[in-house]
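Here is a brief report for a reader meeting this structure for the first time. Keep the 3D view open while reading.

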Amino acid sequence: MANEVRFDGKVVIVTGAGGGLGRSHALLFGSRGAKVIVNDLGGAMTGGGRSSAAADKVVAEIKAAGGEAAASYDSVEDGAKIVQAALDSFGRLDIVVNNAGILRDTSFAKMTEEDWDLIYRVHVLGAFRVTHAAWPHFYKQQYGRVVMTASAAGIYGNFGQANYSMAKLGLLGLSNTLAIEGRKKGIHVNTVAPLAGSRLTETVLPKELIDALKPEYVSPLVAWLCHESCTETGGLYEVGGGYFAKLRWERSKGKSYRIGRTMTVEGVKEAWGEIAGFDGAEHPADIAQSMQAVMANVQAGPSKGGNDLIDVDLALGYEYPERTSRYDERDLSIYALGVGAAADPLDDKELALVYEMHGSGFKALPTYGVIPPMNQLMTMAKEGLTAPGLKYGLDRLLHGEQYTELLRPLPPSQKLTHRSRIKEIWDKGKGALVVTETKSYDEAGELLIVNEFTAFIRGAGGWGGDRGPSTEINLPPDRPADATASEKIGASQALLYRLSGDWNPLHADPNFAKAFGFERPILHGLCTFGYAARHVVKQYSNGDPRYFKSIKVRFADSVFPGETLVTEMWKESDTRIVFRCKVKERDKVVISNAAIELYREIPQPKAKAAPAAAKPAAAATAAPAAAAVPTSDDIFTAIGAFLKKTPELSSKVGKIFQFKLTAPDSVWTVDVKAAPGAVARGGSTPADCTLELTDADFMGMCTGKLDAQKLYFGGKLKISGDLMASQRLEFLRKLDPALVVEAMQARGAGAPAAAAPAAAAAAAPAASAGPSSEDVFLALTAYVGEHPELVAKTGAVFLFDLSEPATQWTLDLKNAKGSVVRGKGEAPDCTLALSEGDFMDMSTGKVDPQKLYFGGKLKISGNVMASTKLSFLQKIDPAWAAQAVAKLRGEMAAAKPAAATAPVGAAAPARAPAGGAKAAALFAALGKRLAAEPGLAKDIGAAIAFKVTAPAAAYTVDLRTAPGSVKDGAASDAGATLTLADADLAALAAGSAAAQDLFQRGRLRVDGDVRLAQKLGFLKGLGA
């Protein structure tokens, strides 16, 4: 047989080989070329007596078949003698099959200590002593195979075999640990739980079954596990009667209580279905995986509390399944009629809200933006899909507050995708507030609507949790309203409004309403909400709903159909109106703490990319290339190049790593054991440490988007083998990104390109945006400049590492007069890592830093105590900050000194423009200007590096000393590095583009001291 599994040259010990399973194993090994030590004490199945006959007989059988064998008559308790017999007979040892065993069956009540001890000594102590004697030889030759023989009694238990069950499961534990310790030395250890007819089973199984359970049906598995080509280790297998199967541990998903929660017997009783049920069961393969649930629970931080109605730990942050919905002009018209629009059908502006063929165009009433996500939440509630930890019924729920924001006007028809999460939970004492955020995206995937539904849950508070913001907002000023609108609600308005989706019978069924304490059905709170928004839009945006940006209200009381709604409005600015609503007949405030914000200009939808069409080659060449994206192949190619450049790593790391990636599947081996190290596709080389994860998660980890620890404890990264070796992969952080670029170029992908906006987008005016982290740090720049005493008080360097999008800022309050620079400056004493959104919320006072920290959204490393010295930031006046930012941005735009005449004859480095590139000529001209005007350097006093793209080039303008100079390449010690396209550099020099404008559009990147970008006047006129 060409592919026969053979053991030529290998030496194997089989204990208890005088009969049954051991004899079968020994004969099979002997027939496949192995040299066999047939060990058998020759005693009875209960452990008494001894004889050499059994072992001699099996040896004779092996030799008669042409094999080599020798007998050993020693007890397994003398394991060293058995191993020495192998060395004396054949000069080496490769395989140990621990098969010897005896029975002393009796019920636990009748069991003697002798019954217990003898079983332990033969099975566990015997297997230990034989394996322990063989281990140094395996270790030295970097190869060995061990099989332990367990039993179903050890796995499942069996009446009358307490001693035997203990021993057999003990062998499994021994095997599992030896598999871990031996893996890196090429020693594999596995366990079989056989069911076969033998001396040990003939007393407990019927004869007809014993006849079918032949030992020969077990031996092939034992032999395969002992072969050099078998990579399996640490496994447990059931085998017998022609059946082969691998077993693994299984545990329920379980129930976790956050640290700090009161854990009670009653709580365990209530959660018993989760604790003991196997829906969504897990299969931990090693001790690290077994600890994942505990580690994840500990890392989640202290409990946020809760009670029998709300479990904050479970509910907070929960993300509902994504849902989709559609609407069209008909839905918008029905909604508009439902909130009283076009009560006068001759009102032309209101007619546009309900008539799709209106001459000036159909317009959507903006508060319709609340309807699709509200309907989805109600549908999920009807389907029984609720957030875990929220265990109250609708009878406790009151719609307390509502916030709705539109990123641009609602299109007449659209398919929406809704993503909802539990954003906040506040303890209000007698009740609780639960804030559900829903973000709705259009068909292009762009965010269109943001909603926050705040529900007041009666009787659900009182656990001592965070009460949330306590400051009253949107309070009307102490003066008469600037404008008032009064409108009578139709008697059937609730019935009309419910056609938009809110089916709650409280608004339609008189008997249902009375059961809840109302004299008749009440109007939907969101219907009142729609009426109020119409009133404000009509008064302050000239009836054009497209200027609407957002609305926030608090529902204070109910409205009955037929009552008169009075909306009082106070204009705070051209874009902000505070309002409240009253019922005229009862003089009751029904909507309070309310405000609407308007856009100054109607936001425009993003331009859609034109469909691709065939173009002539020249046109295709002129089009900007799509940004190339690195792949895992590029990463591993770069790692290989890195190892060749740093051969000294092998002595520091000394390990072989295997990466098993999925979706798509690939295997890579990174050898950092033998200098200079190597990277190869495939897994033929035995690895010390194996890491398994998806290709996408691997790339996320490599690019810094995903944290390796979070992947590991979240079960998305599995590490097997030498777990501690994985910590030695820290050297990959020193991997030069340029090596990845080289790998991409080698496969023809090109380098990753910065996304450049299209010409049309560049020409369009930038949309007004709220403050960004850039503004915050600009304000800090001004503040530090005015308060040099901060350096003496603080004495620390802070790095703000922001994500989504990724930016870094260094706040130096340790050196000189202090400074703020983009990027990672001097080695920071304290690093604060958080998302851009959370940073802005923290900076604007919307969220407390402590809450971010304990919620795991703000990570502080280094000198944690130094972060407490940042409290001075809370003293910065927001109005002053806004003025400071405006001033700095104005200076940036105005930094355009009069153009100087270019001198003639001054030497400067120059390079020929490549295919229309302007940079070379511009910087050559700048060199001449600096030689003629040495005073320019004095005005700047710093070096500025320019990284030019499309085509690529780099220059450094060194203005630290007069007269200044222009050099090829981007200096690493430059005060600031500016990255922009060649065409934008030319526009900047020609005066047709301002640095501020390019920066705000994402076309100019500034790393380092952002103030230097305001001093580019020395370029003006060079491109004229």
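## Surface and overall make-up

The accessible surface of the chain comes to about 50400 Å². Carbon and sulfur atoms account for 55% of that surface. The model is predicted.

The chain has 1024 residues, and 46% of them count as buried. It holds 35 helices and 33 strands. Take the contacts between residues at least 6 apart in sequence: 70% of these join residues at least 24 apart.

## The ten-stranded sheet

An open sheet is built from 10 strands. Their order is E9-E11-E12-E13-E10-E15-E18-E17-E16-E14, and the pairing is antiparallel. Two strands sit at the edges: strand E9 (323-327) and strand E14 (483-488). Each of these edge strands pairs on one side only. From one strand to the next, the twist averages 20°. Strands of a sheet pair through backbone hydrogen bonds, either parallel or antiparallel.

One pairing in this sheet joins strand E15 (residues 548-555) to strand E18 (residues 588-598). The two run in the antiparallel sense and share 6 bridges. Phe548 stands opposite Leu598 in E18.

## A helix across the sheet

Helix H16 covers residues 371-382. The helix lies across five strands by name: E9, strand E10 (397-406), strand E11 (414-427), strand E12 (431-441) and strand E13 (447-458). Relative to E9, helix H16 runs at about 130°.

## Thr233, a loop residue

Look next at the loop between helix H8 (219-225) and strand E7 (236-240), where Thr233 has its place. Is Thr233 buried or exposed? Thr233 is buried, because its relative accessible area is 15% and the cut-off for buried is under 20%.

Which residues does Thr233 touch, not counting residues up to four places away in sequence? They are Ala179, Arg183, Ile187, His188, Val189 and Asn190.

## Ile259 and a nonpolar patch

Ile259 is also a loop residue, found between strand E8 (243-247) and helix H9 (265-270). Its relative accessible area is 44%, so Ile259 is partly exposed. That value lies between the buried limit of 20% and the exposed limit of 50%.

Ile259 belongs to a nonpolar patch on the surface. Val294 and Val298 are the other members. The patch has an area of about 260 Å². Residues in such a patch need over 30% relative accessible area, and Ile259 has 44%.

Note on methods:
Residues are numbered from 1 along each chain as its sequence is written. This is a predicted model: local features need pLDDT of at least 70, side-chain atom pairs count only at pLDDT 80 or more; totals for chains, interfaces and linings use all residues. Side-chain values use heavy atoms; hydrogens and water are left out. Patches are made of residues with over 30% relative accessible area and no salt bridge: like charges are joined within 9 Å, nonpolar side chains (Val, Leu, Ile, Met, Phe, Trp, Tyr) within 5 Å. Accessible areas come from the Shrake-Rupley method with a 1.4 Å probe; for residues, only the protein chains shown count as cover. A salt bridge is a side-chain nitrogen of Lys or Arg within 4 Å of a carboxyl oxygen of Asp or Glu. Helices (H or I, at least four residues) and strands (E, at least two) are DSSP runs, numbered from the N terminus. Buried means under 20% relative accessible area, exposed over 50%, partly exposed in between (1.4 Å probe, protein chains only). Two strands pair if DSSP finds at least two bridges between them. Axes are lines fitted to C-alpha atoms, for helices over the stretch in contact, and angles run from 0 to 180 degrees between N-to-C directions. Contact means heavy atoms within 4.5 Å.
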